[in-house]
Amino acid sequence: MSQPLLGCIADDFTGGTDLASMLVRGGMRTLQVIGVPTGPIEADVDAVVIALKSRTLPVDEAVQESLAALAWLKAAGCRQYFFKYCSTFDSTAQGNIGPVADALLDALEAPFALACPAFPENQRTLFNGHLFVGDTLLSESGMRHHPLTPMTDANLVRVLQQQTSRKVGLVRHAAVSQGANAIRTAFAELQAQGHGYAIIDAISNADLITIGEAASDQVLITGGSGVALGLPDNFKRSGLLPEASSASTLPSVEGLAAVLSGSCSIATNGQVAAWRESGRASFAIDPLELADGHDLVTRALDWAQPLLPRGPVLVYASAQPEAVKAVQARLGVQAAGEIVERALSQIAVGLLELGVRTFVVAGGETSGAVVKALDVEALRIGASITPGVPWTVGHGRVTVALALKSGNFGGRDFFTEALELAP
Ligand code: ADP
């Protein structure tokens, strides 16, 4: 592969896609890799995002995985590195943001990094070091009740300081609003005072772009996808990235198309209903029938085979909340999820064998299961279908076009709209 400019490590899969979409928007051809690759990857790209599942792992494992990802990105020849976490700074009391950032700084022999989860476009702003979700402080938002990473303090200087032995400082909005040079000066002052990190205020996209500009010389940048907004321009200014680019252009994928839906969110249920109401072909998977040993996988594939040449089909387990509750009451929440994910994954593999190469998948967990079953190792990221959901081309055993949608994304006609835009 040609040497990528930017190497990114994301602490979860959808966060990785989010960052990758941002870089594509800025004109960088971007590949998202699922887990640390075992060897080199053949792809001509400007940025690589390695998506880990390190947000909620035990600290040691999160650090080890992140270091392995960094080692791969270094070997690929990246010039700058980005550690991506959630815009609500999702982390446990022990970490993992601080310990992972510390390990990356050590491995890069870098003394200092900025930390900026802000993403004003998505209502995440940072002012005087305090993170807001819309009009409320992070600690008063729904995040205080998160099952895995409850955030009960909005002061990110304090939060990050609890996770690291390096000193954490703050670059206030007053400096940010004066431009990139003022930010660089603030970074230098903080470093001279012995700080290893700077939380940095941002209340608008313009702030993020200025921060990105000021970070052109930083080896490691840490933050949400928002702070990546200004990075492509740095590479353009230094002549490493062309001004005009076709970063979102994906190679075309020939073949049949199908939609698989395992999400039971309100949005997805609406999308399934819209598809059925329009008279398109659909096949429902009943988890209780699966649990009773019926071979719905074979049945769905036998049903799909003659229909596929005439147009895309939908196979779905999506159901209304009462139906889901009834299934979960009988099978258990975990087992119900697994039995459906397994069936949809097997159906995806069967569809691939029938010549399907374009898949729209609804559901975060469902997408993960399908991507794994299709042996997809890396995704080239294309243009967004709806904010947060790009078309991608997956490389692995077979090349496939994939639109992976977590639950609540997209309008009622998302499935049809997505298929119309398929590469
Ligand atoms: P979302 O992105 O909407 O959260 P996910 O795919 O992440 O969607 O999660 C939905 C979960 O619900 C999956 O584990 C899926 O297997 C499971 N599921 C899908 N349909 C049903 C159903 N009818 N009954 C019970 N569980 C279901």
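The following dialogue considers strand β17 and the ligand site of a predicted model.

Local features here need pLDDT of at least 70 and side-chain atom pairs count only at pLDDT 80 or more, while totals for chains, interfaces and linings use all residues. Residues are numbered from 1 along each chain as its sequence is written, and side-chain values use heavy atoms, with hydrogens and water left out.

Student: How many residues of strand β17 are buried?
Tutor: Strands are DSSP runs of E with at least two residues, numbered from the N terminus, and β17 spans residues 389–396. Buried means under 20% relative accessible area, computed with a 1.4 Å probe on protein chains only. By that criterion the strand is mostly covered, and the buried count among its 8 residues is 6.

Student: Which residue of β18 is the bridge partner of Thr-392?
Tutor: Two strands pair if DSSP finds at least two bridges between them, and β17 is joined to β18 (residues 400–405) by 4 bridges in the antiparallel sense. The two strands form a hairpin with 3 residues between them. In β18, the partner of Thr-392 is Leu-402.

Student: What distance separates an oxygen atom of the ligand from an N or O atom in the side chain of Glu-341?
Tutor: A polar contact with the ligand is a pair of N or O atoms within 3.5 Å. For the side chain of Ser-263, the distance to a ligand oxygen atom is 2.7 Å. For the side chain of Glu-341, the distance to an oxygen atom of the ligand is 2.5 Å.

Terms used:
Buried < 20%, exposed > 50% of the residue type's maximum accessible area, 1.4 Å probe, protein only. Polar contact = N/O pair within 3.5 Å; in protein donor to acceptor, adjacent residues only side chain to side chain.
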